[in-house]
Protein chains: 4
Amino acid sequence: MDFAISDSMTELLGQLRRFVDEHVVPLEPALAGGFFALQPELDEVRALARDRGWWLPQLPKEAGGMGLSVLEHGLVSEVLGRSPLGHYCLGCQAPDAGNMEILLEYGTPAQKAQFLAPLLAGDTRSCFAMTEPEFAGSNPVILGTKARRDGDHWVLDGHKWFTTGADGAAFAVVMAVTEADAAPHERASMILVPTDTPGFERVRNISIMGEPGDGWASHAEVRLTNVRVPVDNLLGAAGKGFAIAQARLGPGRIHHCMRWMGICDRVFDLMTHRAITRDLGGGRGTLAEQGTIAAWIAEAKAQIESTKLLVLRAAWTIDHRGMKAAAEDISLIKFHAADVMLRLVDRAIQVYGAAGITDDHVLSWYYRHERGARIYDGPDEVHKAVVARRIFSRMRKGQA
Amino acid sequence: MDFAISDSMTELLGQLRRFVDEHVVPLEPALAGGFFALQPELDEVRALARDRGWWLPQLPKEAGGMGLSVLEHGLVSEVLGRSPLGHYCLGCQAPDAGNMEILLEYGTPAQKAQFLAPLLAGDTRSCFAMTEPEFAGSNPVILGTKARRDGDHWVLDGHKWFTTGADGAAFAVVMAVTEADAAPHERASMILVPTDTPGFERVRNISIMGEPGDGWASHAEVRLTNVRVPVDNLLGAAGKGFAIAQARLGPGRIHHCMRWMGICDRVFDLMTHRAITRDLGGGRGTLAEQGTIAAWIAEAKAQIESTKLLVLRAAWTIDHRGMKAAAEDISLIKFHAADVMLRLVDRAIQVYGAAGITDDHVLSWYYRHERGARIYDGPDEVHKAVVARRIFSRMRKGQA
Amino acid sequence: MDFAISDSMTELLGQLRRFVDEHVVPLEPALAGGFFALQPELDEVRALARDRGWWLPQLPKEAGGMGLSVLEHGLVSEVLGRSPLGHYCLGCQAPDAGNMEILLEYGTPAQKAQFLAPLLAGDTRSCFAMTEPEFAGSNPVILGTKARRDGDHWVLDGHKWFTTGADGAAFAVVMAVTEADAAPHERASMILVPTDTPGFERVRNISIMGEPGDGWASHAEVRLTNVRVPVDNLLGAAGKGFAIAQARLGPGRIHHCMRWMGICDRVFDLMTHRAITRDLGGGRGTLAEQGTIAAWIAEAKAQIESTKLLVLRAAWTIDHRGMKAAAEDISLIKFHAADVMLRLVDRAIQVYGAAGITDDHVLSWYYRHERGARIYDGPDEVHKAVVARRIFSRMRKGQA
Amino acid sequence: MDFAISDSMTELLGQLRRFVDEHVVPLEPALAGGFFALQPELDEVRALARDRGWWLPQLPKEAGGMGLSVLEHGLVSEVLGRSPLGHYCLGCQAPDAGNMEILLEYGTPAQKAQFLAPLLAGDTRSCFAMTEPEFAGSNPVILGTKARRDGDHWVLDGHKWFTTGADGAAFAVVMAVTEADAAPHERASMILVPTDTPGFERVRNISIMGEPGDGWASHAEVRLTNVRVPVDNLLGAAGKGFAIAQARLGPGRIHHCMRWMGICDRVFDLMTHRAITRDLGGGRGTLAEQGTIAAWIAEAKAQIESTKLLVLRAAWTIDHRGMKAAAEDISLIKFHAADVMLRLVDRAIQVYGAAGITDDHVLSWYYRHERGARIYDGPDEVHKAVVARRIFSRMRKGQA
């Protein structure tokens with residue numbers, strides 16, 4: 001295992017860090033006014049980044065990306081994660097990043113031309129419609145949405161929610177059952193559905209933690225009623241929807257973890273800064289001189305540093321041994337990094353006191369918007385069960 | 001110690017429970033539309049409650065209240081706390097309840113006529129302006145707001161925040177330094193300031209956890225610039241502001257704890273209900289059959305039941321031995337009950353999965369709006385330090 | 001619920017507290033030399049206690065006990081629990097206390113004369129042989145030990161462990177399957193077996209946490225090989241062993257919890273004393289001035305006080321509504337009180353530093369000897385599952 | 001950062017793992033009979049190891065060691081740590097390893113001949129006498145032990161405890177104040193004292209967690225009364241005792257952390273094995289099918305894997321940037337790894353149930369003998385304060 005960072009990478013990370021501080025962080029307060037209102041300014045920052053060659057860090061150069069290894073992208077992602085807007089500014093935000101990946105891998109030339117090209121260019125956004133309110137997300141093979149073949153068309157009917165960024169998206173990748181009689185993992189297919197197709201209804205942006213949000217910064221409830229799209233809109237083979245989703249979720253999870261580590265860095269810096277600057281009055285010095293606060297700082301450091309290394313190991317393993325070899329590490333960091341991040345955010349709020357629950361600081365944003373980290377892409381409990389099952393299985397085979 | 005509940009009290013609690021379920025809980029979703037918009041419906045529920053004799057449960061009968069003991073009010077408060085709107089519907093919501101108490105205790109007849117009477121009647125609301133952004137709330141004797149005597153007037157200048165319910169309040173109780181040369185605890189006074197006095201400026205409703213809110217459901221930043229009020233608006237003696245604030249905060253804290261126990265009840269019921277009804281699909285049964293979830297339910301039960309008893313003991317002690325004798329218990333429950341509540345809310349969200357972070361359930365409301373519980377009225381760290389100091393002192397005197 | 005303590009009880013508790021401090025605590029260091037070696041001194045303390053009328057606090061006056069309510073015994077037990085030797089000095093130590101109870105309840109006159117009378121007198125000790133190494137203690141209906149009827153005798157064969165105090169005991173209450181074909185809960189019976197019966201072999205005192213111990217302070221592995229006892233040695237009806245064991249374990253669990261609260265008191269006092277007396281040198285003051293230590297003291301206080309109240313409520317419920325009504329509370333305190341105690345002991349050791357792991361203080365004793373509290377009489381996980389099942393069942397019936 | 005393991009290292013680690021399993025683990029049960037009784041068998045295992053070239057893995061080849069990097073030694077130490085006897089069998093056990101290091105670095109040729117040579121050969125053992133019962137170990141510059149110059153001799157008087165392995169040691173490295181008037185950090189010196197010097201009295205092997213132990217497996221209280229040694233027995237310069245101790249403690253701490261990671265591996269394997277083999281009876285399957293147990297396994301894996309990487313990073317940093325650059329990481333892992341280990345041991349015991357507290361398994365040994373890990377070489381609280389101070393200082397300088 002070699003986590004060495006090249007000189008050019010070190011330089012890039014430093015430049016990106018300054019870029020985020022100077023151009024991205026200052027936009028955060030305006031996020032309260034809504035995504036669409038902020039989009040022109042975000043587009044300017046995107047343009048600045050692209051001028052420097054910073055665009056699509058997660059993709060190979062052939063696809064217009066930066067050609068980084070997963071490990072390198074992890075380091076970039078830590079820096080971008082310092083702001084809720086960081087990834088958007090380089091075009092590597094969820095769910096578009098994941099959709100780009102599966103279109104690159106499984107898309108036909110026509111699909112790439114129609115759906116992928118404008119996405120890569122940053123001209124459109126997309127969404128991914130898998131989760132359904134009626135069924136437990138922890139068991140993704142059970143879906144109520146169906147697509148039936150009718151001549152040259154697929155006709156979709158169903159109900160989705162947590163379709164991130166549907167508001168304003170050009171198209172959705174919809175998971176729907178097409179092979180009802182197949183084995184559970186082979187029933188669903190992925191179908192590309194332009195959002196202006198009749199019957200594709202964005203019911204609402206779900207109000208989450210007090211905010212329905214808008215645009216990219218929203219999560220929609222969607223109803224599909226007799227939605228007709230050409231048969232050519234099938235992405236990958238019929239019945240392979242679940243397999244492609246898994247292939248998509250693997251990197252998706254590690255991208256989240258990398259981003260969370262950036263959040264940890266930001267929050268840790270804020271907490272530390274608050275501790276050394278907040279005077280308690282009456283000659284009692286600053287918060288930094290309170291033993292409890294100091295202990296939190298040290299504990300957070302140990303948690304963050306050790307967790308970052310595990311995230312990097314997962315990235316390194318993908319680079320050198322493939323996604324499958326990294327599967328267990330990815331499950332480990334999915335629940336572990338989320339836990340480390342959320343505990344840290346909670347403690348940072350406590351250090352800030354009343355100011356910490358206001359929206360004058362980014363802490364409250366993370367507290368609300370990242371609570372889902374322990375739920376989306378598989379709740380903690382599912383990942384723990386998966387890891388344990390693997391460990392038990394190895395030991396039963398005498399490989400522990 | 002006698003926690004026995006009389007038959008009439010048992011009956012009252014049952015009736016209140018049904019009242020909250022039938023009349024208050026259904027209004028919760030509309031809270032997202034703002035307090036002022038909801039006020040007409042809330043007033044109807046208030047009228048219903050008053051018809052049944054349920055009004056001002058925290059006050060003696062002479063003041064128009066229900067004449068309950070602190071212990072009994074605690075039990076009522078547990079029931080009201082099952083909804084964020086419960087206390088408002090019986091007129092015992094913060095910060096008005098606390099302001100009523102100090103006006104009753106320290107107000108002149110003229111002050112009572114002008115400020116207290118309409119407050120008791122539910123015709124006005126009030127606010128309490130103590131906390132300042134520039135100074136640590138954990139050291140409340142340090143204030144920047146000053147009131148100087150100018151003939152028959154006080155002239156106030158200062159900057160406050162977290163002035164709950166200032167939006168729409170008729171008057172504020174303002175903490176201001178009037179005796180700058182006195183000992184630290186004897187510098188401040190309380191002054192009654194009608195909110196329409198020139199120079200009293202509500203700068204903004206602070207956006208907290210994503211919502212600026214409005215009306216009673218908001219927390220304002222307030223600036224006082226050359227605000228002139230008659231000298232008779234001094235509440236209690238000059239220099240006694242801190243002492244009165246302490247007298248106000250003691251019951252205030254236990255009222256919060258009682259309310260939190262009601263929140264725990266509601267959240268526990270929701271979590272349990274979700275566990276037995278959420279099917280995992282594929283023949284795996286419900287969440288209730290998952291060992292981890294079952295363990296959370298049991299741990300929550302132990303936490304809630306033990307904490308409730310400590311809250312009741314504090315209430316009983318106030319009733320029978322006075323506020324001072326209950327001081328340590330109040331500090332204990334202030335941090336302990338808040339911790340129990342917030343851990344519970346967090347786990348309940350995890351049990352709900354994606355639905356738990358939406359505003360379709362009240363969990364997200366509590367998660368956001370009660371994070372402050374570990375901060376307001378003294379952060380955990382301050383209460384822990386206070387308790388420890390008392391314990392160390394007792395042991396040094398050989399009284400442990 | 002009435003936790004009022006009578007004046008006479010308050011006086012008794014004060015006297016007992018002084019008694020424990022003066023006569024029992026000083027014997028603790030000698031415990032390292034073994035129980036048998038210490039027994040003469042313990043007998044002197046027992047005599048002192050009996051002179052004052054303090055003997056068998058858990059039993060009714062008719063049986064020679066003190067005639068206390070369960071609540072009162074709880075308070076006495078808290079005081080006795082301040083020393084590992086406290087309960088022994090008043091004759092209410094496990095497992096004898098439990099054996100006395102079932103002999104009183106289910107014993108024939110002959111059994112009472114032979115086994116119970118000398119036990120009540122403090123002339124003998126007894127043991128309870130249920131747990132078996134081959135089967136999970138969490139499922140107590142599965143037993144390998146069998147007793148077959150052979151004329152006027154029972155003939156027992158089996159293997160037991162964790163038979164507390166078998167070393168030096170006059171007799172064992174042995175759980176053995178007599179009705180192999182009955183329903184699982186009705187297969188076992190209790191049989192009284194004098195330890196000098198041929199074939200009753202104490203294989204070893206199990207070395208636990210570094211000490212095999214001896215006498216009352218030991219836990220034996222026992223093998224029964226062709227052990228013959230008269231049929232009259234059956235305690236209660238055939239097949240009722242499990243039911244009687246449950247009846248025995250209910251009070252047994254609450255007795256443990258009461259004792260643990262006494263341990264918490266002792267440990268809390270030690271920790272507090274250490275904090276105010278341990279100087280850090282170099283003008284840094286004592287440990288009490290360290291914020292982290294102070295926070296631990298306050299957190300411990302909240303934990304102990306709230307947990308004690310839940311233990312007392314369980315005791316009060318037994319007194320006024322019977323054992324069955326208290327079942328859920330007993331399960332709650334079984335895991336909750338053990339957790340509170342063990343976390344406290346761990347923190348107290350940390351406060352003591354290197355001294356805390358030495359046997360110069362009682363902390364190390366509790367750390368080792370009470371780790372089992374989360375295991376014996378039902379591991380945490382089983383009690384949590386039981387409580388959750390009850391709660392789910394109530395909610396399904398709409399009784400929550 | 002490059003954690004790559006060479007092929008030869010991978011092979012060595014596999015061989016060592018088998019060696020530990022075959023030759024070291026089987027000796028563990030006999031440890032209950034005392035160290036001296038077991039020493040002949042341990043010497044045989046040492047001989048076996050030396051035959052294979054495995055001796056002093058922590059030392060350079062010139063000193064007769066294996067010439068490993070700190071990172072490589074870390075990996076070896078993880079394997080040796082799987083047994084409490086592992087390090088002893090390769091001659092790298094504390095406190096001898098540390099004493100070897102300082103003798104190599106600071107010893108005169110005569111000192112090396114007299115003290116170091118037989119130590120390296122495994123013919124003698126040594127001890128390190130720094131900690132004193134009267135002074136807080138967290139402030140090591142305060143010492144009561146004094147050495148005064150009397151002609152060609154040092155005359156030592158003082159009182160030490162936790163002098164590990166003094167029982168049977170050939171000599172002690174004693175920290176004593178020689179320069180009482182110097183700055184606090186420059187008062188103490190290290191003096192080599194053969195244990196048979198008149199006045200060097202081993203008062204007792206301190207009973208720790210129930211066991212006084214003996215030989216290497218003991219921690220002595222030592223009194224020095226008028227102990228005379230030649231002036232040439234000064235190790236390093238006068239007044240440099242504290243500096244040398246720090247130099248010794250740095251690697252000492254990382255060696256402990258490496259060993260703890262080995263303990264984690266062993267305990268994790270035991271816990272996992274128990275989970276898949278312990279049947280609950282009645283068709284309920286094994287412990288592995290209990291959700292709570294499975295979650296513990298997964299959480300432990302995440303904790304262990306992330307912590308190991310942080311330990312390796314500290315080792316790598318020492319190798320490539322020196323001890324000073326690794327100081328913060330060493331403090332981080334000192335408290336973090338100890339915490340991870342002790343929580344794991346506690347949970348493993350819970351998985352084992354009653355068997356877990358017996359000495360039939362190594363868990364109880366670790367539970368008792370490693371509780372000190374959060375105390376020795378600096379308690380958690382001190383390391384956290386040190387780390388926080390560094391972080392605050394960096395941020396104040398704008399280097400965060």
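## How the chains and domains meet

In this predicted model, 37 residues of chain A are in contact with 37 residues of chain B, where contact means that the C-beta atoms of two residues, placed from the backbone, lie within 7 Å. On the chain A side, α9 (327-352), α10 (354-357) and α11 (363-369) each put in at least two residues. The biggest contributor there is α11(A), with three residues. Helix names like these refer to DSSP runs (H or I, at least four residues; strands are E, at least two), numbered from the N terminus.

A quick word on bookkeeping: residues count from 1 along each chain as its sequence is written, while chains are lettered from A and ligands numbered from 1 in the order in which they are written. Since the model is predicted, local features need pLDDT of at least 70 and side-chain atom pairs count only at pLDDT 80 or more, but totals for chains, interfaces and linings use all residues.

Over in the other pair, 37 residues of chain C touch 37 residues of chain D. Chain C brings α9 (327-352), α10 (354-357) and α11 (363-369) to that contact, at least two residues from each. Here α11(C) gives the largest share, three residues.

Here is how the touching sides break down by class:

| Side | Nonpolar | Polar | Charged |
|---|---|---|---|
| chain A, touching chain B | 15 residues | 15 residues | seven residues |
| chain C, touching chain D | 15 residues | 15 residues | seven residues |
| domain 1 of chain A, touching domain 2 of chain A | five residues | five residues | one residue |

For these classes, Ala, Val, Leu, Ile, Met, Phe, Trp, Tyr, Cys and Pro are nonpolar, Asp, Glu, Lys and Arg are charged, and the others, Gly among them, are polar.

How do chains C and D relate? Turn chain C by 180 degrees, with 0.0 Å of shift along the axis, and it superposes on chain D with an RMSD of 0.0 Å; the fit is by least squares on the C-alpha atoms of residues with pLDDT of at least 70 in both copies. That is what a two-fold axis does. Gly210(C) has the chain C C-alpha nearest the axis, 3.1 Å from it. Both copies use the same surface, with 100% of the contact residues of chain C recurring in chain D.

Now for the inside of chain A. Its domain assignment lists domain 1 (7-99), domain 2 (126-235) and domain 3 (243-396), with bounds from an automatic or database assignment. The centres of domain 1 and domain 2 of chain A, taken over C-alpha atoms, are 28 Å apart. Each of these two domains gives eleven residues to their contact. On the domain 1 side, α2 (35-51) and α5 (96-106) of chain A are the elements that give two or more residues.
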